[in-house]
Amino acid sequence: MQKTIQTATGFSQTMKRLFTFLPFLFLLLAMKDKPAYRLFTSEGKATDKDKMLQELAKADVILFGEQHNDSVAHGLQLEVTRGLFKTQGNNLVLGMEMFETDVQLVLDEYLSGKIPERNFEAESRPWPNYGSDYKPLVNFAKENSLKVVATNVPRRYAAAVANFGVESLQNFSPEARKLMAPLPYAVDYELPGYKNMLNMFGGSHSEGEKGRQMVAAQALKDATMAYFILANWQPGQKFLHFNGSYHSDNFEGIYWYLKQLKPDLKIATISNVTQKDLKKLEKENRKKADFVLVVPENSPKSY
């Protein structure tokens with residue numbers, strides 16, 4: 001009798017697990033013929049990850065532009081990191097917009113095993129989606145002794161420019177100015193991306209001046225990321241940098257500053273966009289980058 005009860009109970013639990021799994025099974029079957037993403041060249045020619053990796057390996061610096069909450073893009077970032085590590089080994093260097101330059105010491109201490117993870121996460125000011133989106137990259141670097149560079153300007157300095165103008169940066173100490181691009185940094189207000197930002201403000205003279213300050217703050221981020229990429233790159237290395245797409249789309253932003261600093265630098269860019277249809281690259285998304293990662297409009301989001 002006891003054996004019969006145990007058998008019945010076991011069967012019941014098995015059926016319960018089966019019915020719990022069925023929705024996921026149906027979802028997997030429904031997605032079987034629908035790719036999670038597609039890759040295209042700048043001109044709209046379909047390509048794949050392996051071909052893209054071959055081209056990325058020819059570059060000195062790779063700017064992987066992302067939509068910050070795109071889970072598919074974050075998954076591909078880890079795959080690209082692993083793929084480049086297989087061919088480049090410790091010549092691969094990672095850089096991240098997600099960490100500001102004043103936490104480099106904390107980042108180095110964690111990567112070298114000098115401090116525990118809880119202290120690192122408490123003191124490095126990680127983004128809210130760090131655990132789901134960036135932690136796998138940092139831990140891959142830690143496990144494989146790769147350098148990770150914090151490239152973004154501390155937000156307090158970008159905020160100063162946005163509120164008080166570029167001249168306000170002269171009020172900070174020499175120690176503070178070491179955490180940003182060397183002053184003065186150039187701002188080309190005619191670059192299409194920056195020009196679009198200006199047009200968002202427009203209107204009165206005061207609004208126009210505010211717009212110029214906002215563009216200058218964005219440019220400080222771009223210039224600082226470019227400066228710290230080059231400061232931590234050596235010939236023969238591959239520097240893989242993760243940043244918001246708007247920091248490198250259309251070969252502007254970080255790309256533009258890198259070229260101002262080192263015109264012969266070989267740079268490859270990736271842009272992350274969404275489309276309803278993944279069969280072809282829409283005209284508006286062409287020439288945004290050397291490679292365009294297209295994900296469905298309803299793709300998983302981390303927040």
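In this predicted model, helix α7 spans residues 155-164, and its buried residues include Y157, A158, A160, V161 and A162. An α-helix has 3.6 residues a turn, so residues three or four places apart point the same way. Just after α7, G165 adopts a positive phi of about 95°.

The wider setting of this helix is a protein with 11 helices and 8 strands. The protein has 303 residues, of which 46% count as buried. Among contacts with a separation of 6 or more, 72% are accounted for by residues 24 or more positions apart.

**Helix packing**

Two packed helices are described by the angle between their axes and the distance between the axes. Two such pairs are described here, and helix α3 takes part in each of them.

Helix α2, residues 49-56, packs against helix α3, residues 71-88, at an angle of about 55°, and the axes are 10 Å apart. With that angle, α2 is oblique to α3. The crossing of these helices, α2 and α3, is right-handed. On the α2 side the contact is made by K49, M52, L53 and L56, and on the α3 side by L76, E79, V80, G83 and L84. Sorted by class, the contact of α2 with α3 has 6 nonpolar, 1 polar and 2 charged residues.

Helix α3 also meets helix α6. The axes of α3 and α6 come within 9 Å and cross at roughly 10°. Angles under 35 degrees count as roughly parallel, and α3 and α6 are therefore roughly parallel to each other. Their crossing, that of α3 and α6, is right-handed. From α3, the residues H74, Q77, L78, T81, R82 and F85 meet D133, Y134, P136, L137 and F140 of α6. The contact of α3 with α6 divides into 6 nonpolar, 3 polar and 2 charged residues.

**Aromatic pairs**

The protein has a count of 11 aromatic pairs. Two of them are set out below.

| Pair | Distance between ring centres | Angle between planes | Geometry |
|---|---|---|---|
| F120 and Y130 | 6.2 Å | 70° | edge-to-face |
| Y227 and F228 | 5.3 Å | 85° | edge-to-face |

The planes of F120 and Y130 stand at 70°, so this pair is edge-to-face. F120 lies in helix α5 (residues 117-123) and Y130 in helix α6 (residues 130-143), so the pair ties together parts that are 10 residues apart in sequence. F120 has 0% relative accessibility and therefore counts as buried. Y130, with 4% relative accessibility, also counts as buried. Ring pairs link F120 and Y130 with F99 and Y110 into a cluster.

In the pair of Y227 and F228, the planes are 85° apart and the geometry is edge-to-face. Y227 has a relative accessible area of 33%, so this residue is partly exposed. F228, at 14% relative accessibility, counts as buried, because the cut-off for a buried residue is under 20% relative accessible area.

Helix α6 thus appears in both parts of this account: α6 packs roughly parallel to α3, and Y130 of α6 pairs with F120 of α5.

Methods
Residues are numbered from 1 along each chain as its sequence is written. This is a predicted model: local features need pLDDT of at least 70, side-chain atom pairs count only at pLDDT 80 or more; totals for chains, interfaces and linings use all residues. Side-chain values use heavy atoms; hydrogens and water are left out. Axes are lines fitted to C-alpha atoms, for helices over the stretch in contact, and angles run from 0 to 180 degrees between N-to-C directions. Helices (H or I, at least four residues) and strands (E, at least two) are DSSP runs, numbered from the N terminus. Angles under 35 degrees count as roughly parallel, over 145 as roughly antiparallel, 65 to 115 as roughly perpendicular and the rest as oblique. A crossing is left-handed if the near helix is turned anticlockwise from the far one by less than a right angle, and right-handed if clockwise. Contact means heavy atoms within 4.5 Å. Ala, Val, Leu, Ile, Met, Phe, Trp, Tyr, Cys and Pro count as nonpolar, Asp, Glu, Lys and Arg as charged, and the others, Gly among them, as polar. Rings of Phe, Tyr and Trp (its six-membered ring) pair if their centres lie within 6.5 Å; planes under 30 degrees apart count as stacked, over 60 as edge-to-face and the rest as tilted. Buried means under 20% relative accessible area, exposed over 50%, partly exposed in between (1.4 Å probe, protein chains only).
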